[in-house]
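Open the model in your viewer and keep the selection panel at hand. The tour goes from a sheet to its helices, then to the cysteines and the empty spaces.

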Amino acid sequence: MGDVNLSFSTRVLNGYELPRELDVFISDDFDGIYTLNKIREAVWEDISDKFRFPLTDTQELTPAGSIDISEYVTAKKPFFVAFRYKTAGVPPADRMGRNWRVEEFSLTNHFEEKTNILANHHTAGWVLVENGEIDPGRGATIQQNRLNFLANNINREVPLEIWAISKAMVINLNAHSGTYYVDQNGGNDNNNGTTPLSAWKTLEAVNSREFAPGAKILFKSGGTWIGQLSPNGSGMENSPIIIDQYGVGAKPLINANGALGAVISLNNQSFWEINNLELINDAAEMGIRNGINITASNYGLLKHIHLKKLHIHHIKGTVNNGAPTAGIFIRTLNDDEKDTRFDDILIENCEIHHVQNQGISFSTPGERGAGYNHPSTPDWERRRFTNVMIRNNVIHHISKNAMILKTVDGGIVEHNLCYETALDVTGNTIFSYGTKGTVFQYNEGYLNRSPGGDGSLYDADLGSPETVWQYSYSHDNAHGLMWFIPDERDNNIIVRYNISQNDKGYLVRVNNSFVSAYIYNNTFYIDKELSPSIIQEAGNSNVRTYHFYNNIIYNLSSSSIYNFVGGNNTTRIFSNNLFYGYHPANEPNDPFKITADPLFVAPGTGKTGLNTVGGYQLRPNSPAIRAGKAIPDNGERDYFGLPVSADEPPNIGFYNGPGNNNGIPDENFHLYLLIGQSNMAGRGTITPEYGAVSHPRVKMLNQQNEWVPAKHPLHFDIAKPGVGPGLQFAIKMAEANPDITIGLIPSAVGATGIDLWQPGAFDSAKDVYPYDDALARAKTAMLSGVMKGILWHQGEGNSAENSSVVWPGKVEVLVNRLRNEFMDSRLPFVIGELSYERPTSHFINDKLPQLILDVPYTGIASAEGLTAFDVTHFDSPSTSLLGERYAEQMIIIQNNK
């Protein structure tokens, strides 16, 4: 391993003769959770005595020396360096407490005449952890060149303990760093792999090497590889190892061709990001197969597994309740020798389909049986998954469950579309097990085909305390919205602001014993052809309490029932619900029951999509408006994002607005939001020719929020705007589909940088809130039509070399934010290139190909060949042509959704 050299310098201010107060430690046992408890649980090697420290005042830095710490670290195993400042006594009355500074920190590895810099002060990733009563302005700080430890100057007698701990670092001498290319057609395994022209060819070339933090492994677009990928190595904090595609074309395809195991496997590896691949592992017979299999065994803390934009399908696994087969499987295999768990799991924008057994599954030891990992147990604490995010995935044609989250602490599961699940065996679409405080929201599930029990969108299974299930859409499932199969220790399970349309079987299933559950402000629609059990209880001896408030049961079925168990063990509390239509004999006895028609705008009209259920909004004269029970800590918003007071009576049901008289939006009125800066607003000259341009099926939302025929100028951000791309875009879209009308929502504002396109940002020059105003106009427009896409042209204000670096990430945030607002995770977003004549445009334009790889359902409207009258703003012919290119890209994305 060679020499691993640690060095630093220190100085002390207000020094006086007392024992040294600064210590240096190393640990490969610390699990990376920066709390005092976890720090104290870890084993730390004290190496302080190997360094020199000043004990009196010195304005000069004192080199502490450079020592070889290789005896304390193990190759390939993460380790941490820490400084601990612990006050040793009360300073004399005439002296302040000593203040220590650490500077010139360096950690290097010298091996075979090569020196690698592992960390310096800037890259060490210091995290400060403080203990004790700390005076204002005291404690510790991380400055540009140093760590500061400041003693109390007021409460001198209060002892302080402050840790500064580095990120995890790894010594990996033979690992490959840099970027490596793999080309199935043009590569050769004898190449060095470091350029597209010297690419490797096979998966074996990748599997046979170990990769260092920051390495990238890029597969050529359109290529196909037969076999299994199992790369070696781990990344580090801020330096993950990334697998991705390069070039233009289809995602690289890896086909395991029926081999047992996974298409991609990682074991005891941290800091990996796997993006933009297509994975297949089909076979004639069932077997233990996975798309991606991430495992850990007696290792410690595994961190940062990010899986994005993957297409995983036709995984021939095994169909049964315990089968360890899935599209994505993340699990701890063994932890009998060392506590082992995962932190920072992201699964985003993936499509997973035709998979046995599950779509996404998490697993740990000890999760079944009487001693399973309940969140109240020490085993759960040491095994739990933390910082989990699963969002914007499409999961369909699955043998059992779309998702199983086991032993998860917190986290969010949102904006996932799941359909055609439980095709071969019973299973709820999404369920939790041994999971605490996880939020499941904005998910849609339909066509669960469960042949027996289960079969709902959601299931709070054993050990699901404090889980929240909200803002979701369940329809046409074998069963309904929610199953409760909790543990007798489980409390505060919340189900709110959801809608169930035409689900069958048990709409709400109450099973097992539990402490408390709250089911409120949900809407249930039951067609006359169905015969569900609206609430189905099971188990006379189970002790439990559930609250059922502010829900609408719109029941058109004469054969629907309620099934309540006898005895006094179940406490059920009903209040302020609305029951309309048929009333089964044992309908709940609600003291504030309403039985009048809730006056939905258009009941029964929900289709596929979270944004298609506007027909369940209430009309202004609905008896459900402000007739609900006020509920504290209610999430503060309804399904549609409207505010909900914790003190004032809300509406009954999942809609909390004042009432909607507009009817359901016209499906043939397609809306497009036009945002960005001046080139979207339009600055081309409006000649008589352009002033006469119009189309009978193209409208615009004017400044007064009225629909009028669309003509140049569309926008109103300045006194005399001009020709922009929006109108010609709309004309091309209308010509492509003679059955629809186009509605434009002009909302661009000239001279706005990207930072003005976020909530609350104010443009003082124009006296507007660009993002907020655009969103409000879009929501108004959506009362009439259906949002179909967004056109964005902005970047001139961020095209300087430095500011352009962060621009793509901020645009990605904007895209995701708007998609969430419009409840459409696949809403097309087309970005226009900047003028080629502008000297700095390339700093933005060059980043667009990677941006549309990073953000699905996006496209680029090219500015090639267009002319600008002032190098920045397109002239009228060019901006009109740009509009046609926007339309071409929009149609491509819509056809590929």
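**The seven-stranded sheet**

Start with an open sheet of seven strands, ordered E55-E54-E56-E53-E57-E58-E59, with mixed pairing. Now colour its two edges, strand E55 (707-709) and strand E59 (858-861). Each edge strand has a single partner strand, so one side of each is left without a neighbour in the sheet. From one strand to the next, the twist averages 30°. Keep in mind that this is a predicted model.

**Strand E54 and its two partners**

Select strand E54, residues 698-701. In which sense does E54 pair with E55? The pairing is antiparallel, over three bridges. Pick Leu701 and look across to E55: its bridge partner there is Trp707. Then step into the hairpin of E54 and E55, which has five residues between the strands. Stop at Asn705, where phi is positive, near 60°.

Turn to the pairing of E54 with E56. Here the sense is parallel, again with three bridges. Select Val698 and find Ile742 of E56 opposite.

**Two helices on the sheet**

Next, show helix H6, residues 726-736. Helix H6 lies across four strands: E53 (669-676), E54, E56 (741-746) and E57 (786-793). Against E56, the helix runs at about 160°.

Now add helix H11, residues 876-896. Helix H11 packs on the sheet and touches E53, E57, strand E58 (829-832) and E59. Its direction makes about 135° with that of E57. Leave H11 selected for the pocket stop.

**Two cysteines**

How many disulfides does a search of the whole structure find? The count is zero. Select Cys350 and Cys418. The closest cysteine sulfur to that of Cys350 is in Cys418, 12 Å away, which is too far for a bond because a disulfide needs the two sulfur atoms within 2.5 Å. Cys418 is likewise in no disulfide, and the nearest cysteine sulfur to its own is that of Cys350.

Are these two residues buried or exposed? Cys350 has 2% relative accessibility and counts as buried. Cys418, at 0%, also counts as buried.

**Cavities**

Switch on a surface. Rolling a probe the size of a water molecule over the atoms shows where empty space is left. Across the whole structure, a search finds two cavities of 30 Å³ or more. The largest cavity has a volume of about 80 Å³. To find it, select Thr87, Gly89, Pro91, Ala151 and Arg156, which lie nearest its centre among the 13 lining residues.

**The second largest pocket**

Last stop: the second largest pocket, with a volume of about 1,100 Å³. Its lining has 33 residues. Nearest the centre are Lys251, Ile852, Leu853, Pro856 and Tyr857. Which elements give two or more residues to this lining? They are strand E30 (394-398), helix H10 (848-854), E59 and H11. Edge strand E59 thus returns here, and so does H11 from the sheet. H11 supplies the largest share of the lining, four residues.

Key: Residues numbered from 1 in each chain as written. Predicted model: local features only at pLDDT ≥ 70, side-chain atom pairs only at ≥ 80, totals over all residues. Heavy atoms only, no water. Buried < 20%, exposed > 50% of the residue type's maximum accessible area, 1.4 Å probe, protein only. Pairing = 2+ DSSP bridges. Axes fitted to C-alpha atoms, helices over the stretch in contact; angles between N-to-C directions. Contact = heavy atoms within 4.5 Å. 1 Å grid on protein atoms, 1.4 Å probe; cavity = no way out; pocket = protein on both sides within 12 Å on 5 of 7 lines; lining within 4 Å. Points joined across faces, edges and corners; volume = space filled by probe spheres on them.
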